[in-house]
Amino acid sequence: MDPQQLKDVKRALGRRLAAWRKTRGLIQDDVARLVNSTRSTVAGVERGEQVVDRVFWVQCESLLQAGGELIAGYDEYRSFEIRHREEKADAALQARWGTVLDLQTITEASSPSRLPDPDRPMLPTTGASTGDSVLVQDPGEAYVGVRQAIMIVARETSKHAMDAGARPCLQRFTAIGVARRW
């Protein structure tokens, strides 16, 4: 989603508020006073410069008797905002990983629940690279970047104070040259 689309939806929502306010013969100061806000907030919302919380919109809906239009507009804006944020996060993930992996594999590999099994050795892949690190694959499992693999080992090491599970994991990473390489 284009950021401009999000701005357009926000402006349209503000215009709806202004239209309903004018239809009811109120000025911005009247609306602000009746919904426990400020005139500058109402003006900013009407210009599409800011979006306030749902309570504001429920109060405006009730005051202006807009037939659900203001709440529907607010909900539409929030759903666009969430979609925009998700798409932005996905794009950042794709930019980081490049074309090395598909989105499902990236999601699985970056999941915090994807810890290496201490009983299975990690094997390097052939030629898979993210530019600054080689990818490592747990046989039959998801890909893990070298930095992530080392962070997992470090976290498990401190978490378990070098118990029997963390020490072999660190040794396996070192044995295949991942820790030395990074």
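Visitor: How many aromatic pairs does a search of the whole structure find?
Guide: Happy to help: this is a predicted model, where local features need pLDDT of at least 70, side-chain atom pairs count only at pLDDT 80 or more, and totals for chains, interfaces and linings use all residues. Residues are numbered from 1 along each chain as its sequence is written, and side-chain values use heavy atoms, leaving out hydrogens and water. Rings of Phe, Tyr and Trp (its six-membered ring) pair if their centres lie within 6.5 Å. Searching the whole structure on that basis, the number of aromatic pairs is two.

Visitor: What kind of aromatic pair do Phe-56 and Trp-57 form?
Guide: Their ring centres are 5.4 Å apart, with 85° between the planes. Planes under 30 degrees apart count as stacked, over 60 as edge-to-face and the rest as tilted, so this pair is edge-to-face.

Visitor: Is Trp-57 buried or exposed?
Guide: Buried means under 20% relative accessible area, exposed over 50%, and partly exposed in between (1.4 Å probe, protein chains only). Phe-56 has 5% relative accessibility and so counts as buried. With a relative accessible area of 0%, Trp-57 is also buried.

Visitor: Which residue forms one aromatic cluster with Phe-56 and Trp-57?
Guide: Phe-56 and Trp-57 are an edge-to-face pair. The cluster they belong to also contains Tyr-74.

Visitor: Which residues in H4 meet H1?
Guide: Helix H1 covers residues 3-23 and helix H4 residues 54-64. Counting contact as heavy atoms within 4.5 Å, the H1 side offers Leu-13, Leu-17, Trp-20 and Arg-21. Their partners in H4 are Phe-56, Trp-57, Cys-60 and Leu-64.

Methods
Axes are lines fitted to C-alpha atoms, for helices over the stretch in contact, and angles run from 0 to 180 degrees between N-to-C directions. Helices (H or I, at least four residues) and strands (E, at least two) are DSSP runs, numbered from the N terminus.
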